[in-house]
Amino acid sequence: MRYIILLLLNVPIISIAILNIITKFKLRKITKRRFKIQMILWATALVLLILSFPVYNILNGGTPFDSAELSLFDIMQTTAIVFLIYTVNDLRQKNEQNEKRLRDLHQELSIILSDDNKK
Amino acid sequence: MSAVNSVCVVIPAYNEGSVIQDVVKDITKELKASSLSYEVLVVNDGSKDDTAAQAKLGGAKVINHILNSGAGSATATGLSYANQKGFDFAITMDADGQHLSKDVVVGIKKAQSTSVDLLIGSRLIDTTGMSRVKVLGNKGLSNITKLLFGVNVTDSQSGLRVFSHNALESLRWKTSGYEFCSEMLWRAKQLNLSISEYPIKAVYTEYSKTKGQNNWNAINIVKSLVKRRIVEIFE
């Protein structure tokens with residue numbers, strides 16, 4: 001049951017991340033390369049999340065579905081990690097965009113304001 | 001400015017007031033003796049001294065950065081100007097006087113005759129006159145550049161570089177400090193631009209020794225390059 005809660009909490013976050021990437025790509029705000037890598041990143045996270053329960057059991061030498069239930073802390077911690085990755089990745093991209101804008105603005109302003117061009 | 005074989009000499013400068021006038025006069029004299037149409041541009045990167053005034057006295061056009069942004073940004077501004085004005089070539093050189101003017105002209109002529117996109121003046125093909133520490137530091141950074149980005153050059157940190165019009169139009173980088181030297185080579189490789197080198201002499205005066213990159217700064221450069229390489233995996 002708790003494994004289901006884990007999925008219910010995390011799958012929407014990953015789905016939103018994937019939807020955001022597809023939207024950005026369709027609006028031509030990101031390159032095809034960035035689109036592919038971001039899709040691989042989140043698809044991997046989704047697959048790992050879905051497979052985490054059986055993989056954990058197999059790694060502990062048991063059959064795929066015989067381990068103890070996840071604790072509520074496990075669920076909250078995993079959800080927080082997934083949410084943080086989503087937020088950090090989004091903020092990093094926005095930060096890079098803003099840095100580029102600032103750099104380009106500074107560059108253009110410096111050229112335009114140079115003495116000879118003012119005359 | 002659209003004359004055939006016009007060249008823009010870009011000199012990024014920060015607090016170089018004591019030497020910049022001589023550097024500008026020296027390169028102007030050498031260019032006058034050649035058959036090139038040229039403009040000498042000093043990008044004053046928010047200096048606190050009289051770099052801009054001294055550069056103007058030397059006869060250069062000056063672009064003043066409003067904020068101090070680093071060598072990478074100053075170089076980008078200069079090359080952007082060269083691109084906007086339609087120069088056929090641009091060449092960057094250090095403002096501390098470590099590059100010989102004749103090497104600048106040799107570089108331009110070599111770029112013209114070979115039609116290479118990015119020509120680097122390498123101090124490490126002939127290391128005469130360079131201290132062992134400088135040689136070691138620069139070789140180390142060149143090896144790290146090769147390891148991280150797969151670009152094999154002898155002097156990845158050289159400030160003397162010739163850019164074709166094609167490179168001026170397409171080459172961009174993201175870092176703003178000295179690490180831009182390595183990143184630029186990486187971007188050139190990504191764009192399939194041709195890269196080549198030619199030997200130059202570096203003149204290390206007491207002044208240029210104090211102004212040049214400290215070997216400890218290499219650690220910051222490496223950190224920044226590794227970070228950039230990792231971040232770009234997710235882009």
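Reader: What share of the 235 residues in chain B do buried residues make up?
Author: This is a predicted model, in which local features need pLDDT of at least 70 and side-chain atom pairs count only at pLDDT 80 or more, while totals for chains, interfaces and linings use all residues. Residues are numbered from 1 along each chain as its sequence is written, and chains are lettered from A and ligands numbered from 1 in the order in which they are written. A residue is buried if 20 or more other C-beta atoms, placed from the backbone, lie within 10 Å of its own, exposed if 12 or fewer do, and partly exposed in between. By that count, the buried share of the 235 residues in chain B is 48%.

Reader: What is the radius of gyration of chain B?
Author: The C-alpha trace of chain B spans about 45 × 35 × 35 Å along its principal axes. The globule rule (2.2 Å times the number of residues to the power 0.38, for a radius taken over C-alpha atoms) gives 18 Å for 235 residues. Chain B is close to this, so it is as compact as a globular protein of that length, with a radius of gyration of 16 Å.

Reader: Which strands are the edge strands of the sheet in chain B?
Author: Chain B has nine helices and seven strands, taken as DSSP runs numbered from the N terminus (helices are H or I, at least four residues; strands are E, at least two). Strands pair if DSSP finds at least two bridges between them, and in chain B an open sheet of seven strands with mixed pairing has the order β3-β2-β1-β4-β6-β5-β7. Each edge strand pairs on one side only, and in chain B these are β3 (61-64) and β7 (195-199).

Reader: Which residue is the bridge partner of S122(B) in β7(B)?
Author: Five of the five residues of β5(B), residues 118-122, are buried, so this strand is largely enclosed by the rest of the structure. L118(B), I120(B) and S122(B) point one way from β5(B), and L119(B) and G121(B) point the other way. β5(B) pairs with β6(B) in the antiparallel sense over three bridges, with I120(B) opposite R161(B). With β7(B), β5(B) pairs in the parallel sense over five bridges, and there the partner of S122(B) is P199(B).

Reader: How many residues are in the largest nonpolar core?
Author: A nonpolar core is a set of buried Ala, Val, Leu, Ile, Met, Phe, Trp, Tyr and Cys residues joined through C-beta atoms within 7 Å. V10(B) is one of the residues that touch the most other members, and beyond its neighbours within four places in sequence, V10(B) has contacts (C-beta atoms within 7 Å) that include L41(B), A90(B) and I91(B). The number of residues in this largest core is 59.

Reader: Which element gives the largest share of the side of chain B that touches chain A?
Author: The contact takes 15 residues from chain B and twelve residues from chain A. On the side of chain B, two or more residues each come from β3 and α3 (71-84). The largest share, five residues, comes from α3(B).

Reader: Is N192(B) buried or exposed?
Author: N192(B) lies in the loop between α7 (180-190) and β7 of chain B, and its phi is near 60 degrees, a positive value in a residue other than glycine. With 8 C-beta neighbours inside 10 Å, N192(B) counts as exposed.

Technical notes. Two residues are in contact if their C-beta atoms, placed from the backbone, lie within 7 Å.
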